[in-house]
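Please open the model in your viewer and keep the selection panel at hand. The tour goes from one selection to the next and says what is found at each.

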Amino acid sequence: MKKILLTVVAAMAFTLSFAETKSNSVDTRYDMSCDMRRLSVLLDLNEWQMDAVEVIHNTFRDDMQALATVKGPRQRHLIRRALSKDAQQMKYVLNDKQLNTYMRLMLVTLRNRKL
């Protein structure tokens, strides 16, 4: 009887700890991480562009992570501002064709994540 009771208590403890971890996790919709090698192949980047795009995209990713805690109508405005800032910085690094491909990719990603 004692073993059964301890087994039930252990099972409940594991279940509760798993449920607690799930509820405290940050919304994954705002995680804009991507594989930079795949992005560089898609955009046909040279080494200099690849380094610059990685730095700019990391800044955009950090901005989006910060927006995960903002709620309401202000959130949409801040997402647009972050995307606009990202596009302005990318404009200096990418040519027109690369920029159009990058922006299309970002907009599709945001739409798929319902942001």
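What follows is a walk through helix contacts and pockets in a predicted model.

**First selection: α4 and α5.** Begin by selecting residues 73-93, which form α4, together with residues 96-112, which form α5. These two helices pack at an angle of about 160°, with their axes 11 Å apart; because angles over 145 degrees count as roughly antiparallel, α4 and α5 are described in that way relative to each other. The crossing by which α4 passes α5 is right-handed. To see the contact itself, show the side chains of I79, L83, D86, A87, M90 and K91 in α4, which meet L99, Y102, M103, M106, L107 and L110 in α5. Sorted by class, the residues of this contact comprise 10 nonpolar and 2 charged, with no polar ones.

**Second selection: the second largest pocket.** Keep α4 and α5 displayed, since each of them supplies at least two residues to the lining of the second largest pocket, and add R76, I79, R80, L83, L107, L110, R111, K114 and L115, the residues that line this pocket. The space in it amounts to about 190 Å³, and α4 gives the most to its lining, with 4 residues. By class, the lining has 5 nonpolar and 4 charged residues, and no polar ones.

**Third selection: α2 against α5.** Now hide α4 and select residues 36-43, which form helix α2, beside α5; the two pack at an angle of about 135°, with their axes 10 Å apart. That angle makes α2 oblique to α5. On the α2 side the contact is made by L39, L42 and L43, and on the α5 side by Q98, T101, Y102 and L105. These residues divide into 5 nonpolar and 2 polar, with no charged residue among them.

**Last selection: the largest pocket.** Which residues lie nearest the centre of the largest pocket? Select S33, C34, D35, L39 and L105, which hold that position among the 13 residues of the lining. The pocket has a volume of about 250 Å³, and the elements that give two or more residues to its lining are α2 and α5. The largest share, 4 residues, comes from α5. By class, the lining is made up of 7 nonpolar, 3 polar and 3 charged residues.

Notes: Residues numbered from 1 in each chain as written. Predicted model: local features only at pLDDT ≥ 70, side-chain atom pairs only at ≥ 80, totals over all residues. Heavy atoms only, no water. Axes fitted to C-alpha atoms, helices over the stretch in contact; angles between N-to-C directions. Parallel < 35°, antiparallel > 145°, perpendicular 65-115°, else oblique. Contact = heavy atoms within 4.5 Å. Nonpolar A, V, L, I, M, F, W, Y, C, P; charged D, E, K, R; others polar. 1 Å grid on protein atoms, 1.4 Å probe; cavity = no way out; pocket = protein on both sides within 12 Å on 5 of 7 lines; lining within 4 Å. Points joined across faces, edges and corners; volume = space filled by probe spheres on them. Left-handed = near helix turned anticlockwise from the far one by under 90°.
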